[in-house]
Amino acid sequence: MNLEELIYQKLQQDATLSDQLSVFAELPAIFWGQAPEDTDEGWANAQYPRVDYVADRSWDPERKVEGALILNVWCLVSSAVVPEVIEDRLRSLLDGAVFHPADEPVTALRWNRSDPFEASNRGDGDELIVGVTVSFDLLAFPAQTTYSPDPIASLNAWAGDKYAELQVDPASWSPSDSTPALYWRLSGVTAVERTNWGIWVTVSVAGHILAPSPATRLNWIRQLVEAAARAKRIRMDDGSPMFVTRVSADSSQDSFREGQVRLSARFGVLNEAIIAEKLGQLTINSDHGGGVVK
């Protein structure tokens, strides 16, 4: 399923939200895009309250996809449920939610703002429509692994081995306070130093701790920073060491966008082996007692 279908599935399956909405075609009145006309035969009785939504994607050079999810909550002034109650349920369901759409990176939602509105109701006399527009930031978490020796794969393996409760694979994430998610992001290569055997590569890595509770995030920020500082070196996927040269954290940073942990590390990459053709024969000057060696 794509992102819009996954969002619909999550909302449609929630019993609390379903009880707050009217019914269309025997399902809760939740619509991807514009809702059907009020005269459509699919409406059971009342056409309100209802919810429609759209996901607006844009291209981001580092994260591949970002954008916004916009949901509109529509109620009549006479509706049994006010828009703010539905808004609260939407935020509860979607703020911090992580989705795994087909053929797209793992995508997470973060509540941004809610704006009330009023509108006229052409289908029901002069009764006023009241509602709220709920906006969520949409941000992708594409895979950061590359090739061996891979600093991100090595950090994932190190953290996953040390802390069984941490989820380090975005492909199977479902962050919670009991099992937070950790996302290492290669934010830059800051230095490359040549040697006779290869190169030293210095990288800057951002660590994102994803969990609902600020207290949980803070606890894991401390644990990761202190563990990395004590480790000094981390075994890479090819068996070589990666040296942790600096580690710091800022718990005020956005866990979705910037990440709270900053780590600098240095590792070596060997020169590629030089493959030369084998000599067919070696001729030695016979004037000096030589000959031909095959």
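How many helices and strands are there in the protein? The predicted model has 5 helices and 15 strands.

**Overall figures**

Of the 294 residues in the protein, 43% are buried. The accessible surface comes to about 16300 Å². Carbon and sulfur atoms account for 49% of that surface. Contacts between residues at least 6 apart in sequence were also sorted by separation: 57% of them join residues at least 24 apart.

**An open antiparallel sheet**

One sheet is built from 5 strands in the order S9-S10-S13-S12-S11. The sheet is open, and its pairing is antiparallel. Strand S9 (181–194) and strand S11 (233–235) are the edge strands, each pairing on one side only. From one strand to the next, the twist averages 30°. Strands of a sheet pair through backbone hydrogen bonds, either parallel or antiparallel.

Two of the pairings can be set side by side.

| Strand pair | Sense | Bridges | A bridge pair |
|---|---|---|---|
| S11 and S12 | antiparallel | 3 bridges | Ile234 and Met242 |
| S12 and S13 | antiparallel | 7 bridges | Arg246 and Ser264 |

S11 and S12 also form a hairpin, with 5 residues between the strands. Gly239 in this hairpin takes a positive phi near 95°.

**Helices across the sheet**

Which strands does helix H4 lie across? Helix H4 (residues 151–162) lies across S9, strand S10 (198–210), S11, S12 and S13. Helix H4 runs at about 135° to S9. Helix H5 (residues 214–231) lies across S9, S10, S11, S12 and S13. The angle between helix H5 and S12 is about 140°.

**Gln260 in the S12–S13 loop**

Gln260 is found in the loop between strand S12 (241–249) and strand S13 (261–270). Is Gln260 buried or exposed? Its relative accessibility is 3%, so Gln260 counts as buried; the cut-off for buried is under 20%.

What lies 2.9 Å from a polar atom of the Gln260 side chain? The backbone nitrogen of Ile209 does. Ile209 is also one of the residues in contact with Gln260, leaving aside neighbours within four places in sequence. Gly207 and His208 are on that list too. So are Arg217 and Ile221. The list also holds Ser248, Ala249, Asp250, Gln253 and Ser255.

Conventions:
Residues numbered from 1 in each chain as written. Predicted model: local features only at pLDDT ≥ 70, side-chain atom pairs only at ≥ 80, totals over all residues. Heavy atoms only, no water. Helix = DSSP H or I, 4+ residues; strand = E, 2+ residues; numbered from the N terminus. Buried < 20%, exposed > 50% of the residue type's maximum accessible area, 1.4 Å probe, protein only. Polar contact = N/O pair within 3.5 Å; in protein donor to acceptor, adjacent residues only side chain to side chain. Contact = heavy atoms within 4.5 Å. Pairing = 2+ DSSP bridges. Axes fitted to C-alpha atoms, helices over the stretch in contact; angles between N-to-C directions. Areas by Shrake-Rupley, 256 points an atom, 1.4 Å probe, with all protein chains shown as cover.
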